[in-house]
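Work through the exercises below with the sequence and the structure open. Try each task before reading its solution.

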Amino acid sequence: MRKILMLGGAYSQIPAIKRARELGYYVITCDYLPANPGHVFADEYAEISTTDKEAVLRFAREKDIDGIIAYASDPSAATAAYVCDAMQLSGADYESVRLLSEKDLFRRFQKENGFCAPGFIVLTKPEELTDAISRIKYPCMVKPVDSSGSKGVCRIEKQTGLQQAVAGAFPFSRCGRVIVEECIESPYNQLHGDGVVVDGKLLFVALGEQRFKHSAPIGTSFPARLDQSLMRDVYEEVSRVVERSGFLCGGINIEVRVTEQREIYVIEIGPRTGGNYVPQIMELATGGDEVDAVLQIAMGEPCTVEPVEHVQCCFQYIIGSDVSGPFREIFFDEYIRDKVACTYIHKQKGEPVGEYENSSGVVGVALLKFKDPEEMENDIKNIKQHIKVLVEE
């Protein structure tokens, strides 16, 4: 039986763990959290940090694995690529993954290769802000260069609050760097979705409109409402970035902003599938099975995913609480219930929940399907009336 090492066992990784076993692979999971819920679905678990490249490589060699994947995980993407390089397994190479994973490296790459990119500065310690502050334009975004799940990310409208935001971002950077970059203003919602790259080419991709609460995403709706000509330009620009970066194969998570002048800014290309069940909303909206595709790529097998031909009206809703307290349930009213295609709940009854600010506050995710764009937009506007997190008094 062929073996696949899956880095992590969080809730959003469970669909891939289950599917890998259904495909007949011997599934090994690893991370530093034995209580993570995904491990019970694997054939074997090892308590090894997914960011410890050398430890994971030693374990992978010991187990003589046939493939490795960092499904829906930013922190472990570089580790998977490192192991692929060392063991000559199928997957993207370490340097291209690092280029896409670290925000400051990606911005420099964009500038050097003629792509649209926001102005930015990079800090290696909070004290460096004093000398750089005169070069910062507002509004700006403060981001750890290598964090995930919106942790440490903050939009700053003016100089007041910048120092605090920078100091707050550093603890979330594993490599100890923070980027401060100009906000790219857009008359449209940010574009967001996943793609699958095969032999350096973007084979499968769909982008929807990402919605936010402050700097944290609350969901993505499909399809995007931009005109077809502009969407074609967006896909071509993403393809150019992928090809120039040297990223050869695997899933990618994409964020793009388009200005009023129709300038296309690729904000991020994460070298892994999206979190919060993005592959599942991609399948609901397009019919394309991204999970099978990335597993096939990791195992060196032919990828069966096809280019997207039609996108249905769907919404991935990241459910968070507006108040703190012991979790009781997620309430769906009668109106919305028939539109819910799938629900994933991350909290047990009585478990503490807090106000949603980043991925650590996700209570669950609902995937919804609608008959037309008008119905979808109206329901998204009123989503808090239809889906509520209830806590104990």
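The exercises cover a sheet, a buried residue and some salt bridges.

This is a predicted model, in which local features need pLDDT of at least 70 and side-chain atom pairs count only at pLDDT 80 or more, while totals for chains, interfaces and linings use all residues. Residues are numbered from 1 along each chain as its sequence is written, and side-chain values use heavy atoms, with hydrogens and water left out.

**Exercise 1. Find the order of the strands in the four-stranded open sheet, and its edges.**

Step 1. Helices (H or I, at least four residues) and strands (E, at least two) are DSSP runs, numbered from the N terminus. Two strands pair if DSSP finds at least two bridges between them.

Step 2. The order is 3-2-1-4, with parallel pairing. Strand 3 (44-47) and strand 4 (67-69) are the edge strands, as each pairs on one side only.

Step 3. Look at one pair: strand 1 (residues 3-7) and strand 2 (residues 26-31) are parallel and share five bridges. Within this pair, Ile4 is opposite Val27 in strand 2.

Step 4. Helix 2 (residues 53-63) packs on the sheet and touches strand 1, strand 2, strand 3 and strand 4. Contact here means heavy atoms within 4.5 Å.

**Exercise 2. Decide whether Met141 is buried or exposed, and list what Met141 touches.**

Step 1. Buried means under 20% relative accessible area, exposed over 50%, and partly exposed in between (1.4 Å probe, protein chains only).

Step 2. Met141 lies in strand 6 (residues 140-144). Met141 has a relative accessible area of 15%, so Met141 is buried.

Step 3. Not counting residues up to four places away in sequence, Met141 touches Val153, Cys154, Arg155, Ile179, Val180, Glu181, Cys183 and Ser215. One of these, Val180, is 39 residues from Met141 along the chain, yet their C-alpha atoms are separated by 5.6 Å.

**Exercise 3. Explain why the salt bridge between Arg272 and Asp74 ties together distant parts of the sequence.**

Step 1. A salt bridge is a side-chain nitrogen of Lys or Arg within 4 Å of a carboxyl oxygen of Asp or Glu. By this rule there are 26 salt bridges.

Step 2. The closest N and O atoms of Arg272 and Asp74 are 2.6 Å apart.

Step 3. Arg272 lies in the loop between strand 13 (264-270) and helix 9 (278-286), and Asp74 in the loop between strand 4 and helix 3, so the pair ties together parts that are 198 residues apart in sequence.

Step 4. Arg272 and Asp74 are both buried.

Terms used:
Axes fitted to C-alpha atoms, helices over the stretch in contact; angles between N-to-C directions.
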